[in-house]
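Biologist: I am new to this structure. Please show me the model, and then we can go through it.

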Amino acid sequence: QVQLVESGGGSVQAGGSLRLSCAASGYTYNKYNMGWFRQAPGKEREGVARISTGGGIKCYADSVKGRFIISRDNAKNTVYLQMNSLKPEDTAMYYCATTAYSLGTCSRQMIESDYNYWGQGTQVTVSS
């Protein structure tokens, strides 16, 4: 059974930083693409960032470009999302997701249906 476990969420003031982690197990992690989504109350789930199997392709939503950095450590089966200069509008539940599909370049928009497995989420709250 594929397992994705997020951690690192919390409450911070605007302008602060957090680093989210997603530990993967139960599958060949280094052959899967990894992504981060988020969902705020009353809003649809949206893609935040994704990273290819080897880390060569990193894609970001326009709303987080320049502030967030996605990375992965395949030796640890873990993907990270470094979030800097956080804004209140970043407040959401953040979910880690994975897929074996080849997603291509960053011109391909992140969609939920591309991903097969999801973590339980970690809450990020940014106060103004």
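Biologist: How many disulfides does a search of the whole structure find?

Modeller: This is a predicted model, in which local features need pLDDT of at least 70, side-chain atom pairs count only at pLDDT 80 or more, and totals for chains, interfaces and linings use all residues. Residues are numbered from 1 along each chain as its sequence is written, and side-chain values use heavy atoms, leaving out hydrogens and water. A disulfide here is a pair of cysteine sulfur atoms within 2.5 Å. Searching the whole structure with that rule gives two.

Biologist: Which cysteine does Cys 22 bond to, and what parts does the pair tie together?

Modeller: The sulfur of Cys 22 has a partner 2.0 Å away, on Cys 96. Cys 22 belongs to strand 3 (a strand is a DSSP run of E, at least two residues, numbered from the N terminus). Cys 96 sits in strand 9, residues 92–99, so the link ties together parts 74 residues apart in sequence. The bonded partner is Cys 96, and the parts tied are strand 3 and strand 9.

Biologist: Is the link of Cys 22 and Cys 96 left-handed or right-handed?

Modeller: Look at the angle about the S-S bond: it is -80°. That makes the link of Cys 22 and Cys 96 left-handed.

Biologist: Are Cys 22 and Cys 96 buried or exposed?

Modeller: The cut-offs use relative accessible area: under 20% is buried, over 50% is exposed, and in between is partly exposed (1.4 Å probe, protein chains only). Cys 22 and Cys 96 fall into one class: buried.

Biologist: Where in the chain are Cys 59 and Cys 106?

Modeller: A disulfide joins Cys 59 to Cys 106, S to S 2.1 Å. The pair links distant parts of the chain, 47 residues apart. Cys 59 is in strand 6 (residues 58–60), and Cys 106 is in the loop between strand 9 and strand 10 (117–118).

Biologist: What class of exposure does Cys 106 have?

Modeller: Start with its bonding partner: Cys 59 has 5% relative accessibility, so Cys 59 counts as buried. Cys 106 has a relative accessible area of 41%. Cys 106 is therefore partly exposed.

Biologist: What pattern do the disulfides of the protein chain follow?

Modeller: Count the bonded cysteines along the chain. The pattern is then 1-3, 2-4.

Biologist: In what order do the four strands of the open sheet stand?

Modeller: Strands pair here if DSSP finds at least two bridges between them. The pairing in this open sheet is antiparallel. Strand 1 (3–7) and strand 7 (68–73) each have a single partner strand, so they stand at the edges, with one side left without a neighbour in the sheet. The order is 1-3-8-7.

Biologist: Which residue in strand 3 stands opposite Val 5?

Modeller: Strand 1 and strand 3 (residues 18–25) are antiparallel, with five bridges. Opposite Val 5 in strand 3 is Ala 23.

Biologist: Which residue in strand 8 is the bridge partner of Arg 19?

Modeller: Strand 3 pairs with strand 8 over six bridges, in the antiparallel sense. Strand 7 also pairs with strand 8 over six antiparallel bridges. There, Ile 69 has Gln 82 as its bridge partner. The partner of Arg 19 in strand 8 is Gln 82.

Biologist: Why is strand 8 described as largely enclosed by the rest of the structure?

Modeller: Strand 8 covers residues 78–83. It is largely enclosed because, of its six residues, the number buried is five.

Biologist: Which residue takes a positive phi in the hairpin of strand 7 and strand 8?

Modeller: Four residues lie between these strands. The positive phi is near 55°, and it belongs to Asn 77.

Biologist: Which residue in strand 5 stands opposite Arg 38?

Modeller: Strand 4 (residues 33–39) and strand 5 run antiparallel, joined by five bridges. Six residues separate them in their hairpin, where Gly 42 takes a positive phi near 80°. Strand 5 is mostly covered, with five of its six residues buried. Opposite Arg 38 in strand 5 stands Glu 46.

Biologist: And which residue in strand 6 is the bridge partner of Arg 50?

Modeller: Strand 5 and strand 6 run antiparallel with three bridges. Their hairpin has six residues between the strands, and Gly 55 in the turn has a positive phi of about 90°. The bridge partner of Arg 50 in strand 6 is Cys 59.
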